[in-house]
Amino acid sequence: GLIEEGARLRDSGDLGKVLFFGVHDPAETEDMLALGLTPVVSGWPQLEAVGRAARDRRVELHIKFNAGMNRLGFGVADAPKVRSFLDSN
């Protein structure tokens, strides 16, 4: 799976930023954060899973907003709600 690929990068000594673009199962989120992978979050279930897994620690994430192709990402109108969620977690 994709988490295992990230683990192999870390095991090889790669300490750089690794963006995890795959749609991840919320159960995998803790493993992803433990490996220092940066989740790319494109919807509320993923964002909420990262919030739960972070457990009051600061984590890095990449938030995807819909840029017009209407395939993936939060809508621009969601930006204030996303910001509020991030500020409160």
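Me: In which strand is Thr 38 found?
Reply: The model is predicted, with local features needing pLDDT of at least 70 and side-chain atom pairs pLDDT 80 or more, while totals for chains, interfaces and linings use all residues. Residues are numbered from 1 along each chain as its sequence is written, and side-chain values use heavy atoms, without hydrogens or water. Strands are DSSP runs of E of at least two residues, and helices are runs of H or I of at least four, numbered from the N terminus. The run covering residues 38–41 contains Thr 38 and is strand β2.

Me: Why does Thr 38 count as buried?
Reply: Buried means under 20% relative accessible area, exposed over 50%, and partly exposed in between (1.4 Å probe, protein chains only). Thr 38 counts as buried because its relative accessibility is 5%.

Me: Which residues are in contact with Thr 38, leaving aside neighbours within four places in sequence?
Reply: Contact means heavy atoms within 4.5 Å. With those neighbours left aside, the partners of Thr 38 are Lys 17, Val 18, Leu 19, Phe 20, Glu 60, Leu 61 and His 62.

Me: Which elements give two or more residues to the largest nonpolar core?
Reply: A nonpolar core joins buried Ala, Val, Leu, Ile, Met, Phe, Trp, Tyr and Cys residues through side-chain atoms within 4.5 Å. The largest one has six residues: Val 41, Leu 47, Val 50, Phe 74, Val 82 and Phe 85. Two or more of these residues come from each of α3 and α4.

Me: How many residues are in the other core?
Reply: This core lies apart from the largest one. Its members include Val 18, Phe 20, Met 32 and Leu 37, and its residues number five.
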